[in-house]
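Thanks, everyone, for making the time this morning. I would like to walk through one model with you, beginning with the ligand site and working outwards to the chain as a whole.

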Amino acid sequence: MRRVKNPFLLKGYLAKEFFCDRENELRVLYENITNGIDTTLISPRRIGKTGLILRFFDDLKAKKWGECLYVDIYASRGVEDFIRMLAEAILLKFPEKTNIGKRFMYFLKGLRPLIGYDALTGEPQIQIVFHSPQERENTLKGLLDFLDRQDVPIVLAIDEFQQITEYPEKNIEFLLRTCIQRLKNIHFIFSGSRRTLMLEMFSNANRPFFASTQYLTVDKIDRERYASFIIRLFEEYGKEIRREAVYEILDWSDTHTFYTQSLCNRVFAMDEYTITIEHVKKACADILEWTEPAFLQYRQLLTPIQWNFLIAVAKEREVRQISAQRFIGKYNIGTPANARRLVKALVDKELLLESVDKGGIVYRVYDVFFSRWLEREY
Ligand SMILES: Nc1ncnc2c1ncn2[C@@H]1O[C@H](COP(=O)(O)OP(=O)(O)OP(=O)(O)O)[C@@H](O)[C@H]1O
Ligand SMILES: [Mg+2]
C-alpha cells in the first residue's frame with residue numbers, strides 16, 4: 001500500500017486505497033465506453049467528479065483498455081483556448097518519444113505552433129495563431145480526427161464542459177457536435193457542475209448535443225460506506241476513531257465529499273491516538289476559525305437582504321418550499337416573488353445549491369463550512 005502522511009486527500013486522485021466507493025458509477029462508465037455510449041457526468045461542485053474520472057482512468061489502465069485523456073476547460077474563454085488545452089492534453093498524454101507523440105508533433109508542426117514547457121510542472125504549453133475562424137474550425141476537427149486515426153480506443157474526458165456555453169463563438173456546440181459525430185474510436189465523458197446549463201445543453205431538442213449521451217449523476221457517497229472507509233484508513237495508519245465520532249464527521253460535513261475529506265484530514269492530523277466526538281467538535285471549530293476570513297469577505301459582496309436569506313437557509317439546513325409562507329414569514333423575507341428573486345441571484349453566484357431529488361427541489365447553502373458558520377454565528 002502506498003503511504004502518505006495524511007490519507008484523507010484534499011485534491012486530485014492518488015490511488016484506489018484513498019478513494020471511497022463509487023462502484024456503481026465506475027460500472028456505468030465502463031458499460032458506456034464498452035458499448036460506444038458517451039456520458040454526461042453531473043454533480044454539484046466538490047462532490048467528486050474529477051476524482052471519479054481519474055479513478056476510472058486508473059481502472060482502464062489496469063485493464064489495459066485504450067488510452068485516457070483528461071482536459072479541464074474551466075479556465076478557457078473561447079474556442080482558441082479550447083483548442084490549445086486539447087492540444088496540450090494530447091502532448092502531455094503522448095510525449096514526443098512515443099509513437100503517437102511523434103506523429104502528433106508532425107501534425108502540430110503544420111500549425112506552426114510555439115511550444116514551451118512550464119518551468120515548474122514540466123507540462124507542455126502551446127501557442128497557435130489563427131488567421132480566420134475557418135482555420136480554427138479546421139484545427140479543432142484536425143485534432144480530433146488525429147486522435148481518432150491512432151489505432152487505439154481513446155476516452156476523452158472534458159471537465160467543466162458547461163464552460164463552452166460562455167464562449168463568444170456561439171457555434172461551438174454545433175461545431176463540436178459535428179466533429180464528434182464522425183469519430184469512431186473516441187469515447188467522451190462530458191463533466192460539469194452547473195446542472196441547469198448541462199441539462200439544457202444535452203436535453204433541449206434545439207441544441208446540437210440533444211440526446212447524444214447518457215446522464216450519470218454523481219451524488220453523495222453512501223453514509224455507511226463512507227463510515228467504513230474512514231474507520232479503515234484510521235486503522236491502517238495506526239490510529240483509532242470511535243464510530244460515533246465518524247457519524248459526527250459525516251453529519252457536520254453533510255457527507256459532501258470535499259468537506260468530509262477536509263474534516264477527516266483535520267481530525268487525522270490531531271496529535272491523538274483515539275478520536276472521540278469531542279476531538280471532532282474541536283476540529284470543526286478550528287476549521288470555522290480558519291475559514292472565517294473568506295466568509296466575512298462574502299458579506300461585502302452581498303446585499304444585507306441576500307445575506308439574511310443565506311442565514312435563513314443555513315439555519316434550516318435545507319429548504320424545500322423556498323417561497324412558502326412558513327419559511328418567508330419565519331425569516332421576514334417579504335413576498336414569494338422576493339424570495340424567488342433572491343434564490344435566483346444566489347444560485348447564480350453559486351452561494352446556494354439547488355438540487356433535485358425524488359421529493360422535488362431542495363436548497364442548501366452551497367459551501368458546507370459556510371453554512372455551519374452562518375448557523376453558528378447568527
Ligand atoms: N470517492 C472519493 N473518496 C475520497 N475522496 C474523494 C472522493 N471523490 C473525491 N474525493 C476528494 O474530494 C475532493 C473533491 O473532489 P473533486 O475535486 O473530484 O470534486 P469535483 O466534483 O470535481 O469538484 P469541482 O466541481 O469543484 O471541480 C477532493 O479532495 C478529492 O480528493
Ligand atoms: Mg472537478
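Around ligand 1, in what I should say at once is a predicted model, there is a shell of 21 residues, and the closest of these are Cys20, Gly48, Lys49, Thr50 and Gly51. Two elements give two or more residues to that shell, namely helix H2, residues 49-62, and helix H10, residues 257-269. If we sort the shell around ligand 1 by class, we find eight polar residues, seven nonpolar ones and six charged ones.

Which domains supply at least three residues each to this shell? They are domain 1, which runs from 22 to 217, and domain 2, from 222 to 296. The division of the chain also includes domain 3, covering 302-378, and the C-alpha centres of domain 1 and domain 3 lie 35 Å apart.

Let me turn now to a helix pair. Helix H11, residues 277-301, packs against helix H15, residues 368-377, at an angle of about 95°, and their axes are 10 Å apart. That angle falls in the range from 65 to 115 degrees, so H11 is roughly perpendicular to H15. On the H11 side the contact is made by Ile287, Leu288, Thr291, Glu292 and Phe295, while H15 contributes Phe369, Phe370, Arg372, Trp373 and Arg376. Taken by class, this contact of H11 with H15 has six nonpolar residues, three charged and one polar.

Finally, the chain as a whole, which contains 15 helices and 11 strands. Its C-alpha trace spans about 65 × 55 × 40 Å along the principal axes. The radius of gyration of the chain is 23 Å, which agrees with the value near 21 Å that a compact globule of 378 residues would have.

Definitions and conventions
Residues are numbered from 1 along each chain as its sequence is written. Chains are lettered from A and ligands numbered from 1 in the order in which they are written. This is a predicted model: local features need pLDDT of at least 70, side-chain atom pairs count only at pLDDT 80 or more; totals for chains, interfaces and linings use all residues. Domain bounds come from an automatic or database domain assignment. A residue is near a molecule or strand if its C-beta atom, placed from the backbone, lies within 6 Å of it. Helices (H or I, at least four residues) and strands (E, at least two) are DSSP runs, numbered from the N terminus. Ala, Val, Leu, Ile, Met, Phe, Trp, Tyr, Cys and Pro count as nonpolar, Asp, Glu, Lys and Arg as charged, and the others, Gly among them, as polar. Axes are lines fitted to C-alpha atoms, for helices over the stretch in contact, and angles run from 0 to 180 degrees between N-to-C directions. Angles under 35 degrees count as roughly parallel, over 145 as roughly antiparallel, 65 to 115 as roughly perpendicular and the rest as oblique. Two residues are in contact if their C-beta atoms, placed from the backbone, lie within 7 Å. The radius of gyration is taken over C-alpha atoms; the globule rule is 2.2 Å times the number of residues to the power 0.38.
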